[in-house]
Amino acid sequence: MSVSLIIPAYNEEKTIGRIIAVARQIEEVEEIIVVDDGSSDCTAANALAAGAVVKKLPQNMGKAFAMVNGAVAAGSDHLLFLDADLLGLECRHIANLINPVLQEQVRMSFGVFSKGRGSTDIAQTLWPTLSGQRCLARRDFLELASACDGCGFGIEIVLTKYAKKEKWPVEWVDLPGVTHVTKEEKRGSAKGAMARVKMYWEIAKMLAIPLDEYANYNRKRAEKQFSHK
């Protein structure tokens with residue numbers, strides 16, 4: 001059984017190549033698709049140079065949209081999602097994420113940081129459902145995500161709610177030594193803080209909206225955006 005790795009990326013030229021290099025060593029990873037979400041740096045070029053297929057979006061559309069875009073293009077029956085700003089990623093981490101799903105022990109796996117950096121370790125210990133490191137069947141992801149591709153950073157909340165509703169068996173996978181570059185480190189204190197607030201707002205909205213209302217919410221959101229163009 002094989003896996004398509006999907007990496008949604010926005011201005012991650014410094015880290016994207018290393019993540020791809022590690023993933024290419026995993027036999028089960030059949031393809032690596034980087035969805036460049038309107039980056040203004042060399043993310044796309046570095047991803048191509050590292051051996052990934054790149055789908056470049058014309059403008060920043062948000063994390064959920066990028067993930068769905070990659071999933072639609074994927075050729076494998078299973079999907080592995082990784083964030084583009086990971087540090088400390090090793091082959092064992094990827095193997096531990098995908099094996100429980102490929103061996104049909106669970107329907108979805110979540111990766112949780114540990115022993116990496118204090119701030120990210122604490123955040124993931126308190127809110128592990130926000131993890132962007134996940135593996136699941138492509139059909140399972142598209143069944144829900146295609147109806148809510150406008151939920152941005154709230155996509156992990158959507159997946160977690162859906163798994164709970166459908167009573168999927170899931171597994172939390174320890175990722176020792178893995179962390180990520182913070183938004184403040186990437187964009188500076190002020191812009192990074194603004195980006196963090198935006199992320200938490202998108203997450204909070206998805207927490208507040210009932211699962212069966214996501215499709216309707218995104219339809220209204222799209223109509224509102226269209227009317228302002």
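**Exercise 1. H6 against H7**

Task: In this predicted model, classify how H6 and helix H7 (residues 155–165) pack, using the angle between them.

Solution:
1. The axes of H6 and H7 make an angle of about 110° and lie 10 Å apart.
2. Angles of 65 to 115 degrees count as roughly perpendicular.
3. H6 and H7 are therefore roughly perpendicular to each other.
4. On the H6 side, the contact is made by Asp140, Phe141, Glu143, Leu144 and Ala145, which meet Ile155, Val158, Leu159 and Tyr162 in H7.
5. Sorted by type, the residues of this contact are 7 nonpolar, no polar and 2 charged.

**Exercise 2. H3 against H6**

Task: Classify the packing of helix H3 (residues 63–73) and helix H6 (residues 138–145), and give the residues that meet.

Solution:
1. The angle between H3 and H6 is about 135°, with 10 Å between their axes.
2. An angle over 145 degrees would count as roughly antiparallel, and 65 to 115 as roughly perpendicular; the value falls in neither class, so H3 is oblique to H6.
3. The crossing of these two helices is left-handed.
4. H3 contributes Met67, Val68, Ala71 and Val72, and H6 contributes Arg138, Phe141, Leu142 and Ala145.
5. This contact comprises 7 nonpolar residues, no polar ones and 1 charged.

**Exercise 3. The nonpolar cores**

Task: Which residues of the largest nonpolar core touch the most other members, and which elements give two or more residues to this core?

Solution:
1. The largest nonpolar core has 32 residues, and those touching the most other members are Ile7, Ile20, Leu80, Leu82 and Ile94.
2. Two or more residues come from each of strands E1 (3–9), E2 (29–37) and E8 (170–176), and from each of helices H1 (16–23), H2 (43–50) and H4 (91–102).
3. Take Ile7 as a case: leaving aside residues up to four places away in sequence, Ile7 touches Ile16, Ile19, Ile20, Ile32, Ile33, Val34, Val35, Leu82, Asp83 and Ala84.
4. A second, separate core holds 27 residues, including Ala74, Ala145, Cys148 and Tyr162.
5. Ala145 and Tyr162 also appear in the contact of H6 with H7.
6. As background, nonpolar side chains in soluble globular proteins tend to be buried together.

**Exercise 4. The whole chain**

Task: How many helices and strands does the protein chain have, and what share of its residues is buried?

Solution:
1. The protein chain has 10 helices and 9 strands.
2. Of its 229 residues, 49% are buried.
3. Among contacts with a separation of 6 or more, 76% join residues 24 or more positions apart.

Notes:
Residues are numbered from 1 along each chain as its sequence is written. This is a predicted model: local features need pLDDT of at least 70, side-chain atom pairs count only at pLDDT 80 or more; totals for chains, interfaces and linings use all residues. Side-chain values use heavy atoms; hydrogens and water are left out. Axes are lines fitted to C-alpha atoms, for helices over the stretch in contact, and angles run from 0 to 180 degrees between N-to-C directions. Helices (H or I, at least four residues) and strands (E, at least two) are DSSP runs, numbered from the N terminus. Angles under 35 degrees count as roughly parallel, over 145 as roughly antiparallel, 65 to 115 as roughly perpendicular and the rest as oblique. A crossing is left-handed if the near helix is turned anticlockwise from the far one by less than a right angle, and right-handed if clockwise. Contact means heavy atoms within 4.5 Å. Ala, Val, Leu, Ile, Met, Phe, Trp, Tyr, Cys and Pro count as nonpolar, Asp, Glu, Lys and Arg as charged, and the others, Gly among them, as polar. A nonpolar core is a set of buried Ala, Val, Leu, Ile, Met, Phe, Trp, Tyr and Cys residues joined through side-chain atoms within 4.5 Å. Buried means under 20% relative accessible area, exposed over 50%, partly exposed in between (1.4 Å probe, protein chains only).
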